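Colleague: I'm new to this one. Please pick the inside of the fold, take me through it slowly, and finish with a quick look at the surface.

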Amino acid sequence: HVQHATTPDIDLTGRAAIRRELHYFTLYRILEAAVLCLVVFSPVGILIGEPHNPMLGRVVAIAYLLMAIALFFTGRRGRMRPQVLVGTLVDVGVAVLAIHSLPGAVSGISMMLLFNVGAAALLLPLRLALGAAAFTAIALIGQYLVRALSAVGAGRPLAELLMFAVT
């Protein structure tokens, strides 16, 4: 009878690889936050259109950059699952607020959020990954409904929202 046991080296190598993926994911989040700051604080933002609420956009951009940096430094140690979950919640919250503030950037913000949720899904167990995806879809639909029912109007087609929500 031969037992196949995993050696500690293999287990540590696998965990190190996942930790490395989390590291790159947090670096990407910092890049996203920097791009959001570029759009909000520089003349580049004029290219995507007039912001609906410039002050909200500035506050969200600065808060996201600070949270992304904090997640980067805290992601080096500790349990990975809470890191990924907190990061995903931050990403979804920032995306919803940024979409509300910067309606001209809705497609770009949605694409970045799609990547973030996909990357989180690779680092989470299936049940949590599906929960994160469902939460994201509900948040995007909720933001769309709030905007559609306000005096401003939806600002984007429902089909686009549904494509991002289903993806």
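Modeller: Let's begin with the vocabulary: helices (DSSP runs of H or I, at least four residues) and strands (runs of E, at least two) are numbered from the N terminus. What you see is a predicted model, where local features need pLDDT of at least 70 and side-chain atom pairs count only at pLDDT 80 or more, while totals for chains, interfaces and linings use all residues. Residues are numbered from 1 along each chain as its sequence is written, and side-chain values use heavy atoms, with hydrogens and water left out.

The protein chain has six helices and zero strands. Of its 167 residues, 35% count as buried; that means under 20% relative accessible area, with exposed being over 50% and partly exposed in between (1.4 Å probe, protein chains only).

Now the inside. A nonpolar core here is a set of buried Ala, Val, Leu, Ile, Met, Phe, Trp, Tyr and Cys residues joined through side-chain atoms within 4.5 Å. The largest one has 26 residues, and L36, Y64, V94, L102, I109 and L113 have the most contacts inside it. Two or more residues each come from α1, α2, α3 (80-101), α4 (106-123) and α5 (126-149). The biggest giver is α3, with seven residues. Apart from this core lies another, of seven residues, including L22, V84, A120 and L124.

Take L113 as a way in. Contact means heavy atoms within 4.5 Å. If you skip neighbours within four places in sequence, L113 is in contact with D91, V92, A95, T136 and L140.

Then there's N116, which sits in helix α4. It counts as buried because its relative accessibility is 3%. Beyond its neighbours within four places in sequence, N116 is in contact with F25, Y28, E32, Y64 and D91. N116 and V92 are 24 residues apart in sequence and 8.9 Å apart in space, C-alpha to C-alpha. Across the protein chain, of the contacts between residues at least 6 apart in sequence, 73% join residues at least 24 apart.

And the outside? V44 lies in the loop between α1 (8-41) and α2 (54-74). V44 counts as partly exposed because its relative accessibility is 37%. Together with L38, L47 and I48, V44 forms a nonpolar patch on the surface, with about 360 Å² of accessible area in all. Patches are made of residues with over 30% relative accessible area and no salt bridge, joining like charges within 9 Å and nonpolar side chains (Val, Leu, Ile, Met, Phe, Trp, Tyr) within 5 Å. A salt bridge is a side-chain nitrogen of Lys or Arg within 4 Å of a carboxyl oxygen of Asp or Glu. Accessible areas come from the Shrake-Rupley method with a 1.4 Å probe, and for residues only the protein chains shown count as cover.
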